[in-house]
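Biologist: Got a minute to walk me through this one? I'd like to start with the ligand site and then wander a bit.

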Amino acid sequence: MKHLIDPMDLSKQETDEIITLAQDIIAHRERYQGSMSHRKLATLFYEPSTRTRLSFTAAMMELGGNVLGFSDAKNTSVSKGETVQDTVRVVGCFADVIAMRHYIEGAQLYASEVSRVPIINAGDGSHSHPTQTLTDLLTIQRELGHIDGITIGFCGDLRFGRTVHSLIKALSRYKDIKVILIAPQELKLPDYIKRDVCERTGIPYREVETMEEVMPELDVLYMTRVQKERFLDEDEFDRVKDSFVLDSARMALAKEKMAVLHPLPRVNEILTEVDDDPRAAYFRQVENGKFVREALIVKLHEWKNDPEHGMPNHDTPVFDDTLRCANSKCICNNERAPHKFRRGEDDVLRCWYCDSKVK
Ligand code: CP
């Protein structure tokens, strides 16, 4: 059975199939109405969301299916102490597929280990957001006509920005991608993404501290919000919160055919004066999210019993009860998930669920 926990759970071919199907859905919406009739999607959201939850809901409705679930776990038996694994075992009795968002990193991977229906990770803490990645890939394809060969600048909160981590992973499988990382010292991309993704796959990347110096090079500018909810120290948040703001003056430095993406919500990192610029693609990106989630639901259903489309062969886990994941927001430090690790290419042990280093 296929779950989508990390963008790399999809092969390049499967990713391309989803992007292609999404474009066919856009062109021939009537052909897909009813393709999920009598099927149910459960949306289990332990963390707030507007786009992801509602686009999953709209996607399933457009396919003729039904939706159940919760947007606030406080009103469920989670508040009585029910674990994430027990919750998905229960919901799997009612639904054909589950989309889950959780503030705890690795929660969806842990849930998928016992689920009898496909689990879709709709965002786990600051770790991963693979359906946003599919949305971003479809948006780049539609805005520029290609994904291969782009120079993409990631700007803002690259430390906690799960959408950035997931998109860099996915782009590592396209040709001739160049990555420019635009962030203050405190919000730089985690080392494990630089080493295990960029350096291992040979994507050229460089780190800069101003937007102006790179604007003319970019085909895509991927803006992000500084995520207050991920900071443990409010003073640190106050220092960096207004680091990068996109305005008309900065847009004037960019190529005529650049695309500005943002997973949204924005706070003040893109001024509203940019919204009417034809290169501002972030609201079109939102709509793409619905179409790509329709395509994903259709494909996961099609692949459910197809051994050709199982989960990829992960590394062999290392079990060691004397070691601990260093991330207090990881599932293994919040529920009774096993202390399970993978050995990276650099021979460093990292948490199986959240990729953090071992204490
Ligand atoms: N882009 C995104 O994940 O938005 P929401 O948090 O509103 O779902």
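**Around the ligand**

Modeller: Sure. Keep in mind that this is a predicted model. By class, the shell around the ligand is made up of five polar, two charged and two nonpolar residues.

Biologist: Which residues are around the ligand?

Modeller: Ser 49, Thr 50, Arg 51, Thr 52, Arg 101, His 129, Gln 132, Pro 263 and Leu 264.

Biologist: How far is an oxygen atom of the ligand from an N or O atom in the side chain of Ser 49?

Modeller: That distance is 2.6 Å. Arg 51 also reaches an oxygen atom of the ligand, with a polar side-chain atom 2.9 Å from it. With Pro 263 the partner is a polar backbone atom, which sits 2.8 Å from a nitrogen atom of the ligand.

Biologist: And how much of the ligand's accessible area does the protein cover?

Modeller: 91% of the 250 Å² that the ligand has on its own.

Biologist: Back to His 129. What lies 2.8 Å from its backbone nitrogen?

Modeller: A polar atom of the Ser 166 side chain. Ser 166 belongs to helix α7, which covers residues 162-171.

Biologist: Is Ser 166 buried or exposed?

Modeller: Buried, because its relative accessible area is 1% and the cut-off for buried is under 20%. Setting aside residues up to four places away in sequence, Ser 166 touches Pro 7, Ser 128, His 129, Pro 130 and Thr 133.

Biologist: Switching topic: how many disulfides are there?

Modeller: Zero. Take Cys 155: its nearest cysteine sulfur belongs to Cys 198 and is 16 Å away. Cys 155 is also buried, at 0% relative accessibility.

Biologist: What about Cys 332, how far away is its nearest cysteine sulfur?

Modeller: 3.4 Å, and that sulfur is the one of Cys 330. A disulfide needs the two sulfur atoms within 2.5 Å, so Cys 332 is in no disulfide. Cys 332 counts as buried too, with 6% relative accessibility.

Biologist: One last spot. Where does Ala 95 lie?

Modeller: In the loop between α4 (84-91) and β3 (97-102). Ala 95 has 6% relative accessibility, so it counts as buried.

Biologist: Which residues is Ala 95 in contact with, leaving aside neighbours within four places in sequence?

Modeller: Lys 40, Leu 41, Ala 42, Leu 68 and Val 117. As for Gly 69, which is 26 residues from Ala 95 along the chain, the two C-alpha atoms are separated by 9.4 Å.

Definitions and conventions: Residues are numbered from 1 along each chain as its sequence is written. This is a predicted model: local features need pLDDT of at least 70, side-chain atom pairs count only at pLDDT 80 or more; totals for chains, interfaces and linings use all residues. Side-chain values use heavy atoms; hydrogens and water are left out. A residue is near a molecule or strand if one of its heavy atoms lies within 4 Å of it. A polar contact is a pair of N or O atoms within 3.5 Å; within protein, one must be able to donate a hydrogen and the other to accept it, and residues adjacent in sequence count only if both atoms are side-chain atoms. Accessible areas come from the Shrake-Rupley method with a 1.4 Å probe; for residues, only the protein chains shown count as cover. Ala, Val, Leu, Ile, Met, Phe, Trp, Tyr, Cys and Pro count as nonpolar, Asp, Glu, Lys and Arg as charged, and the others, Gly among them, as polar. Buried means under 20% relative accessible area, exposed over 50%, partly exposed in between (1.4 Å probe, protein chains only). Helices (H or I, at least four residues) and strands (E, at least two) are DSSP runs, numbered from the N terminus. Contact means heavy atoms within 4.5 Å.
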